[in-house]
Amino acid sequence: MEKFKLELLFQIIGIGSASGLIYKDNILLIIGDNSGYLYEYHIDSRELNRHALIENPSQNILKKDKPDFEAIASFGEDLYIFGSGSTDKRNTMVQLNSLEKKITTTHDLTELYAVMQNFEKIRPEDFNLEGAIYEGKSWYLFNRGNGISNKNVIFTIEGENLNDQFAILSNDYKLPKIKGVRSSFTDAILVNESIYFLASAEDTKSTYEDGEVLGSIIGSINTKTMKINFTKKISDIHKFEGLTLYSKSKEKIEFLLCEDKDTETLETDIYRLSLNLN
């Protein structure tokens, strides 16, 4: 898994601070951590549609007020969009029908997030969910360890729902450093029995304040053992925060990535990352 190719594929005008994406049928569904919308981008026609996730949505919500939608997952016809939990205003999960882009349920996950913090002894100021996977029975939620404690954690949650009657397991990870700074989870997806994840290094000890971006890595984890298969640095300058499967063959797997530039500029670059599997 040594050879890779990273290339800028296209740019979307009208989306800023992209933090998660899903690719299906030549359409990208994108969230932004400053935004109250789900974006629907048709690659062929370049048509961009917006779907409200909150009341009175805006494209650039003030940092202190934003719901901080950092993770998006899909299963069947459902989409699940998670707030990071890094402040009291960021504890919402929105569930939508992926065909109609209509909200079916909005959940307050304050209690779940508190249980997760207690379970892993993560201080509230170090709690920062950046990735989510749902495979029909189990949830995988990824805490980004960019706080002082560097707690990169995957929570595996099983149960009837995320509000009550659930069971939690967790696994801690010490991810590679880039330029002396520990990288931390920024997104993840499930491909067969492997979790592919992104992690970035940012020169900050805060889950709230941004810092100098030092680069990003990609890696994979075996879901049976929950051990890391490999990690590979893919950039010295980008903070990639969104990952989705683009194509896969026996020889190669391709992903689409989005970058959070931590600005209010409504531009999003979409990259293609190709990895050799042999």
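A polar contact is a pair of N or O atoms within 3.5 Å; within protein, one must be able to donate a hydrogen and the other to accept it. In this predicted model, the side chains of His51 and Glu40 form such a contact at 2.7 Å. The briefing starts from that pair and its sheet, then turns to the strands β20 to β22, the largest pocket, Phe75 and the largest cavity.

**His51 and its surroundings**

- His51 is part of strand β5, which covers residues 47-52.
- The relative accessible area of His51 is 17%, and because buried means under 20%, His51 is classed as buried.
- Leaving aside residues up to four places away in sequence, His51 touches Gly36, Tyr37, Leu38, Glu40 and Lys101.
- Glu40 is thus among the residues that His51 touches, and the side chains of Glu40 and His51 are also joined by the polar contact of 2.7 Å.

**The four-stranded open sheet**

- Four strands make up an open sheet in the order β2-β3-β4-β5, and their pairing is antiparallel.
- Strands β2 (18-24) and β5 are the edges of this sheet, each pairing on one side only.
- On average, neighbouring strands of the sheet are turned by 20° against each other, with direction ignored.
- Six bridges link β5 to strand β4 (residues 37-42) in the antiparallel sense.
- Tyr41 has Leu48 as its bridge partner in β5.

**Strands β20, β21 and β22**

- Strand β21 spans residues 252-259, and seven of its eight residues are buried, so the strand is largely enclosed by the rest of the structure.
- A hairpin of three residues connects β20 to β21, and these two strands pair in the antiparallel sense over seven bridges.
- β21 also pairs with strand β22 (residues 267-276), again in the antiparallel sense and over seven bridges.
- Leu256 has a partner in each of the two pairings: in β21, Leu256 is the bridge partner of Thr244, and Leu256 stands opposite Arg272 in β22.

**The largest pocket**

- The volume of the largest pocket is about 600 Å³.
- Its lining counts 29 residues, of which Ile22, Tyr23, Lys24, Ser74 and Thr244 are the closest to the pocket centre.
- At least two lining residues come from each of β2, β3 (27-32), β6, β10 (129-134), β16 (184-191) and β20 (240-248).
- Thr244 links this topic to the preceding one, as it is among the residues closest to the pocket centre and is the bridge partner of Leu256 in β21.
- Strand β2 likewise belongs to two topics, since β2 contributes to the pocket lining and is an edge strand of the open sheet.

**Phe75**

- Phe75 is located in strand β6, residues 69-75, and β6 is one of the strands that supply the lining of the largest pocket.
- With a relative accessibility of 40%, Phe75 is partly exposed, because this class lies between the buried limit of 20% and the exposed limit of 50%.
- Apart from residues up to four places away in sequence, Phe75 touches Tyr80, Tyr134, Glu135 and Gly136.
- Phe75 and Ile133 are separated by 58 residues in sequence and by 8.7 Å in space, C-alpha to C-alpha.

**The largest cavity**

- The structure contains one cavity of 30 Å³ or more.
- The largest cavity has a volume of about 30 Å³.
- Its lining consists of Ser17, Glu259, Lys261, Asp262, Thr263, Thr265 and Glu267.

Methods. Residues are numbered from 1 along each chain as its sequence is written. This is a predicted model: local features need pLDDT of at least 70, side-chain atom pairs count only at pLDDT 80 or more; totals for chains, interfaces and linings use all residues. Side-chain values use heavy atoms; hydrogens and water are left out. Buried means under 20% relative accessible area, exposed over 50%, partly exposed in between (1.4 Å probe, protein chains only). Contact means heavy atoms within 4.5 Å. Two strands pair if DSSP finds at least two bridges between them. Axes are lines fitted to C-alpha atoms, for helices over the stretch in contact, and angles run from 0 to 180 degrees between N-to-C directions. On a 1 Å grid over the protein atoms alone, a cavity is a set of points where a 1.4 Å probe fits but cannot get out, and a pocket is an open set with protein on both sides within 12 Å along at least five of seven lines; lining residues have an atom within 4 Å of a point. Grid points are joined across faces, edges and corners, and a volume is the space filled by probe spheres set on the points.
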